[in-house]
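Open your viewer and keep the selection box handy. We will walk through the inside of this protein, one selection at a time.

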Amino acid sequence: MKHMHCAIIDLANGQSSIVDLGEWDLSSGNFGWGVHSFNRANRQRDISFVALSTGILTGTGVPGSGGIAWCNYQNNSSMFYPAEGRLGAALRYAGIDHLAITGKCPAGQKADITIRDGKISITYVRASRTESAAKAYTQVWKRRPTEDSVIAIPAPSGILEDNWFFISDKMTSSLLRNMGLRSLTVSYSGGLKMAAPEAFCALTAQLWQIRRALPIASDAEHPVRYLSVMPGCGAADTSAWPARARLKSGVLEKQMLTALGLYWGQHAETLGGLDMAAKLLSACSGDTVTVDDLRQSALALNRALTQ
């Protein structure tokens, strides 16, 4: 669980690879923005990409553990945006912690990317200016590898997950649309291992008790709200996108929680903040992690945001 893997997909030539980024390291901050670190290490600062990073706690079942971070790397500058959804957990269950998409599809073509348990396939289809996001979803849904596959479609108003709710803002979606991405499908059969499962489950149960007391509207039409600690942004309400704000330098706690895969937003303090995050991480990894450790790591992450 401590090794991070990054899928690199080039839409220009249809090639892909999965790179081992090594063990995550709190002291250096090498766990949150893995794609950014990979890009810098390989001195490819002239290559633009859109990336998605999960966190160590993404997909663990904790309230708000659908947290992800989008990284738009353009013109030698990185912009990070926190978000949430099923996609991050699905990627982790498929053996991938970070995903970077670069290049641009050949003229007149769009790309459907399918990731299934660490195997990546790219299918080119003829581009259609009149094809709606809903129609694209219907076509891709028919070819999904498994019933519980996660399907993400870059739509004009944001990246639409499972044709139900948004997991990005317009900017990130627009970049992917301009690159020619039509869809991203992720299916999986794996899971995550906990070093101390009993301790982790006890903390998770405690957080769900707190979550039940939060003033969050949940109903059958917005199932994401059952798992989230934030209201979620349904497909019919594009004006309410909750992760619109860019993740800026200086907001250390928000950076750390995002990097760990926790999308807690305004409820972070109620849910225990960095103190609870440290306890969850300790039970998850088997290493003793303190709040001071997380604060030091946040400084390293903060530096990454300014590079």
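Start by selecting F49, which is buried, with a relative accessible area of 4%. Bear in mind throughout that this is a predicted model.

Now add Y73, another buried residue, at 0% relative accessibility. How are the rings of F49 and Y73 arranged? Their centres lie 5.1 Å apart and their planes meet at 15°, so this pair is stacked. It links distant parts of the chain: F49 belongs to strand β3 and Y73 to strand β4, 24 residues apart.

Next, select Y93 and Y188. Here the ring centres are 5.2 Å apart with the planes at 65°, so the pair is edge-to-face. Y93 sits in helix α2 and Y188 in the loop between β12 and α5, 95 residues apart. Y93 is partly exposed, with a relative accessible area of 21%. With these, you have visited both of the two aromatic pairs counted.

For a ring with a charged companion, show W141 and R144: R144 lies over the face of W141, 3.8 Å from the ring centre.

Now for the nonpolar interior. The largest nonpolar core has 47 residues, and those with the most contacts inside it include F31, M256 and W264. Elements giving two or more residues to this core include β1, β3, β4 and α5, while the largest share, eight residues, comes from α8.

Zoom in on L281. Beyond its neighbours within four places in sequence, L281 is in contact with residues including W24, I56, L260 and L294.

Finish at a second, separate core of 34 residues, where you can select Y81, A94, I96 and M179 among its members.

Key:
Residues are numbered from 1 along each chain as its sequence is written. This is a predicted model: local features need pLDDT of at least 70, side-chain atom pairs count only at pLDDT 80 or more; totals for chains, interfaces and linings use all residues. Side-chain values use heavy atoms; hydrogens and water are left out. A nonpolar core is a set of buried Ala, Val, Leu, Ile, Met, Phe, Trp, Tyr and Cys residues joined through side-chain atoms within 4.5 Å. Buried means under 20% relative accessible area, exposed over 50%, partly exposed in between (1.4 Å probe, protein chains only). Helices (H or I, at least four residues) and strands (E, at least two) are DSSP runs, numbered from the N terminus. Contact means heavy atoms within 4.5 Å. Rings of Phe, Tyr and Trp (its six-membered ring) pair if their centres lie within 6.5 Å; planes under 30 degrees apart count as stacked, over 60 as edge-to-face and the rest as tilted. A charge sits over a ring if NZ of Lys or CZ of Arg is within 6 Å of the ring centre and within 35 degrees of the ring normal.
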